[in-house]
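Reader: I would like a close look at how the strands are arranged here, and at what sits against them. Please state the cut-offs behind each term as you go.

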Amino acid sequence: MHCASSFFSVAADRISARDEARFFGLLKTANNTFKRTEPSRLVAIDAALITAMGRYDRPIHAALDLGISSGVTTLELLETLRAAGYDTQMTGTDRSVRARLVTLPFGCRALVEPNGHVLQYEVMGRAVRPWERRLDRWTGMTFVRKLVEGQLRKPAVAQAAAGQGTEVALISPRLRQNHAFQWLEDDITRRSAALIGRFDLVRAANLLNRHYFEPDVLRSAVANAIAYLSGPGAWLLVVRTHGAADHRGTLFRMREDGTLAIIERYGSGSEVEDLVMELGGG
Ligand SMILES: C[S@@+](CC[C@H](N)C(=O)[O-])C[C@H]1O[C@@H](n2cnc3c(N)ncnc32)[C@H](O)[C@@H]1O
């Protein structure tokens, strides 16, 4: 199940959360970040959100989760909403979702991002990481990787650039097959006309962080997240998790006049709370 070819060919109901964590945990993107999303990372915040929303009588028809990575926490939020009685359709976005699985000589394969970055090689049914772990020098993996990269990198990149192989979405199969979910490749720093005014709940978890974006870009990203809210009564949750479970976030709600009010803070609150209030006219 570590290889992309088996991971994407097995039925979603045969893949556990653990299988997903293992598979995505091996994928390091061109931005040097892992595709992995820690399971259960946001359950406490999900529960607090449901309690806060429960004080108001308003349906959540459409929710938007921004920067979903592999979508594990998106699936958890969707399941929590539905268990609480909300008939919600969830849209999940990330600036990079797609990759190509290409077939190479001698039964080898590679999983390649659209920018040509190889996420994984597959040799004789075994996954080979293109990135190095410290132990690799002692286990001989450094040598194996060099050999594999020398033989397979060029044809893998060329095939992917030519649109050969199969396109796959780097999202939890359990989420992808959920009928209440759709994904979209979208950059939060650029306004998307198709998303404006559509969502009763927008969540930005571990995305709108000051160290990720330049100040002007962060400003656009926050303004876009606000623009995607459906109107009075809609919710915006911005949260960042430090360590395993130190959540610092703020829950906002749109007033009748279209300005945002702070409803709750988690930990010391979101580091972009002031910016949200400035742009949300609160
Ligand atoms: C740390 S992960 C957060 C995953 C999930 N929201 C969570 O908290 O568990 C950040 C994600 O944001 C995505 N991302 C970074 N910049 C982005 C942008 N400008 N627009 C959309 N997604 C972006 C990355 O690709 C990555 O998947």
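Author: Five strands make up an open sheet with antiparallel pairing, in the order β6-β5-β4-β3-β7. At its edges are β6 (126-128) and β7 (166-169), and each of them pairs on one side only. Direction ignored, neighbouring strands of this sheet are turned by 25° against each other on average. This is a predicted model, in which local features need pLDDT of at least 70 and side-chain atom pairs count only at pLDDT 80 or more, while totals for chains, interfaces and linings use all residues. Residues are numbered from 1 along each chain as its sequence is written, and side-chain values use heavy atoms, with hydrogens and water left out.

Strands (E, at least two residues) and helices (H or I, at least four) are DSSP runs, numbered from the N terminus. Two strands pair if DSSP finds at least two bridges between them. Within the five-stranded sheet, β5 and β6 run antiparallel and are joined by three bridges. One residue pair shows the register: Glu122 has Ala127 in β6 as its bridge partner. Helix α6 (residues 141-161) lies across β3 (98-103), β4, β5 and β6, and runs at about 110° to β5. Such angles, from 0 to 180 degrees, are taken between N-to-C directions of lines fitted to C-alpha atoms, for helices over the stretch in contact; contact means heavy atoms within 4.5 Å.

A second open sheet has seven strands, ordered β8-β2-β1-β9-β10-β11-β12, and its pairing is mixed. Strands β8 (181-185) and β12 (260-266) are at the edges with a single partner strand each, so one side of each has no neighbour in the sheet. From one strand to the next, the twist averages 15°. Strands β9 (residues 201-205) and β10 (residues 235-242) run parallel and are joined by five bridges, with Ala204 opposite Val238 in β10. Helix α4 (residues 72-83) packs on this sheet and touches β1 (62-66), β2 (89-94), β8 and β9; its direction makes about 165° with that of β2.

Helix α4 also helps to cover the buried residues of α2, as do α1 (4-7), β4 (109-112), β5 (118-123) and α7 (173-176), among others. Buried means under 20% relative accessible area, exposed over 50%, and partly exposed in between, with a 1.4 Å probe and protein chains only. In helix α2 (residues 17-25), the buried residues are Asp19, Glu20, Ala21, Phe23, Phe24 and Gly25. Glu20 counts as buried because its relative accessibility is 0%. Leaving out residues up to four places away in sequence, Glu20 touches Phe7, Ile15, Gly25, Val72, Ser172, Pro173 and Arg174.

Next, the ligand. It has 17 residues around it, of which Thr37, Gly67, Asp94, Asp187 and Asn206 come nearest; a residue is near a molecule if one of its heavy atoms lies within 4 Å of it. Two of these use polar side-chain atoms: that of Asp94 lies 2.6 Å from an oxygen atom of the ligand, and that of Asp187 lies 2.8 Å from a nitrogen atom of the ligand. At Ile188, a polar backbone atom is 3.0 Å from a ligand nitrogen atom.

Finally, the cysteines. With a disulfide taken as a pair of cysteine sulfur atoms within 2.5 Å, the count comes to zero. Cys3 is in none, and the nearest cysteine sulfur, that of Cys108, is 11 Å away. Cys3 is buried at a relative accessible area of 5%, and Cys108 counts as buried at 8% relative accessibility.

Conventions:
Polar contact = N/O pair within 3.5 Å; in protein donor to acceptor, adjacent residues only side chain to side chain.
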